[in-house]
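Trainee: I should like to go through this structure with you, question by question. May we begin once it is displayed?

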Amino acid sequence: MSKKRPAGKSPASRHVDWKALEIVHPDAAGIDVGGSEHWVAIRPDRDADPVRRFECFTADLREMAGWLLQKGVRSVAMQSTGVYWMPVLEVLEEHGLEVYLVNAQHTKNVPGRKSDVQECQWLLKLHTFGLLNNSFQPTDQIRIARTLWRQRGNLLAQASSAIQRMQKVLIEMNVQLSGVLSDLSGVSGLSILTAILEGERDPARLAA
């Protein structure tokens with residue numbers, strides 16, 4: 001037995017009027033960031049060719065920023081794809097543009113968008129109506145400190161891995177330094193290893 005539809009609740013009455021959406025960013029642009037090229041879309045009333053392709057070199061990024069400013073763009077939306085967005089963000093911010101760095105998961109899984117041109121146009125539409133959230137971006141000082149801290153962590157991890165390989169090779173040669181020294185990378189351990197590499201084989205001299 002089918003349920004009766006309440007009066008005044010027809011599908012037509014629930015239709016969303018997308019034209020009634022409020023324009024939040026009238027001077028918006030959308031950028032599809034790529035590894036070898038970037039596609040940029042602005043409103044069709046700003047240029048006869050509203051979608052343009054730019055390469056990834058610094059001169060091309062500056063040309064992109066100049067074109068956007070010339071067309072009255074003030075706010076740009078792009079996805080945080082890998083690390084390709086970083087140079088684009090820096091150049092655009094240097095030229096005074098507001099950049100929205102968007103999580104790619106928030107704009108994916110929408111059917112019908114297959115090409116780079118459609119992708120940047122879709123970002124333009126979403127950003128124009130204020131439907132994209134800007135990701136947090138730390139200051140330059142924090143970015144520098146974070147990069148150095150991560151590099152330090154990587155170097156420490158590599159050093160630990162190298163010491164483990166040294167211990168493995170020594171055990172394979174039955175040089176049981178790990179049973180005598182608690183830290184192979186300490187002053188005594190490195191001195192013994194240096195002496196072995198220089199040809200010393202006398203255990204008494206190595207122990208000294």
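Trainee: Which residue follows α5 with a positive phi, and what is the angle?

Mentor: The model is a predicted one. The residue that follows α5 is Gly199. Its phi is positive, near 110°.

Trainee: Which residue just after α2 takes a positive phi?

Mentor: The position to examine lies just after α2, where phi is about 85°. The residue with this positive angle is Gly96.

Trainee: In what pattern do the helices and strands follow one another along the sequence?

Mentor: The protein has six helices and five strands. Read along the sequence, they give the pattern β-β-β-α-β-α-β-α-α-α-α.

Trainee: What percentage of the residues in the protein are buried?

Mentor: Buried here means a relative accessible area under 20%. The protein has 208 residues, and the buried ones make up 30%.

Trainee: How much area does the protein expose, and what percentage of it do carbon and sulfur atoms supply?

Mentor: The exposed area of the protein is about 14300 Å². The part of this area supplied by carbon and sulfur atoms is 55%.

Trainee: On which side or sides of α5 do its buried residues lie?

Mentor: In α5, residues 187-197, the buried residues are Gly189, Ile192, Leu193 and Ala195. They cover an arc of only 160° around the axis, so they lie on the same side of α5.

Trainee: Which elements do the buried residues of α5 pack against, and which exposed residues does the face turned away carry?

Mentor: The face of α5 turned away from its buried side carries the exposed residues Val187 and Leu197. The buried residues of α5, by contrast, pack against α4 and α6 (203-207).

Trainee: Which elements do the buried residues of α2 pack against?

Mentor: The residues concerned are Trp85, Val88, Leu89, Val91 and Leu92, which are buried in α2. Their partners include the helices α1 (58-70) and α4. The strands they pack against are β1 (28-32), β2, β4 (75-79) and β5 (98-102).

Trainee: Is Leu68 buried or exposed?

Mentor: Leu68 lies in helix α1. The cut-off for a buried residue is a relative accessible area under 20%. The relative accessible area of Leu68 is 0%, and therefore Leu68 is buried.

Trainee: Which residues does Leu68 touch, leaving aside those up to four places away in sequence?

Mentor: One of the buried residues of α2, Leu92, is touched by Leu68. The other residues that Leu68 touches are Ala29, Val40, Ile42, Val73, Val76 and Leu97.

Trainee: What distance separates the C-alpha atoms of Leu68 and Asp27?

Mentor: Along the chain, Leu68 and Asp27 are 41 residues apart. Their C-alpha atoms are separated by 9.5 Å.

Trainee: Is Thr128 buried or exposed, and which residues does it touch beyond four places in sequence?

Mentor: Thr128 is found in helix α3. Its relative accessible area is 9%, and so Thr128 is buried. Not counting residues up to four places away in sequence, Thr128 touches Glu22, Ile23, Val24, His25 and Ala28.

Trainee: Which element gives the largest share of the lining of the largest pocket?

Mentor: The largest pocket has a volume of about 410 Å³ and is lined by 17 residues. The elements that give two or more residues to this lining are β2 (37-42) and α3 (116-128). The largest share, six residues, comes from α3.

Trainee: How is the lining of the largest pocket divided by class?

Mentor: Those lining residues nearest the centre of the pocket are Gln121, Leu124, Lys125, Leu126 and Phe129. By class, the lining has 13 nonpolar, two polar and two charged residues.

Trainee: Which elements each supply at least two residues of the lining of the second largest pocket?

Mentor: The second largest pocket holds about 290 Å³ of space. Of its 13 lining residues, Trp85, Met86, Gln137, Arg143 and Arg146 lie nearest its centre. By class, the lining has six nonpolar, three polar and four charged residues. The elements that each supply at least two residues are α2 (85-94) and α4 (140-172).

Trainee: Which residues line the largest cavity?

Mentor: The structure holds one cavity of 30 Å³ or more, and the space in the largest cavity is about 60 Å³. By class, its lining has six nonpolar, two polar and no charged residues. The lining residues are Gln167, Leu170, Ile171, Val175, Leu177, Ser178, Leu181 and Leu184.

Terms used: Residues numbered from 1 in each chain as written. Predicted model: local features only at pLDDT ≥ 70, side-chain atom pairs only at ≥ 80, totals over all residues. Heavy atoms only, no water. Helix = DSSP H or I, 4+ residues; strand = E, 2+ residues; numbered from the N terminus. Buried < 20%, exposed > 50% of the residue type's maximum accessible area, 1.4 Å probe, protein only. Areas by Shrake-Rupley, 256 points an atom, 1.4 Å probe, with all protein chains shown as cover. 1 Å grid on protein atoms, 1.4 Å probe; cavity = no way out; pocket = protein on both sides within 12 Å on 5 of 7 lines; lining within 4 Å. Points joined across faces, edges and corners; volume = space filled by probe spheres on them. Nonpolar A, V, L, I, M, F, W, Y, C, P; charged D, E, K, R; others polar. Contact = heavy atoms within 4.5 Å. Arc of directions from axis to C-beta.
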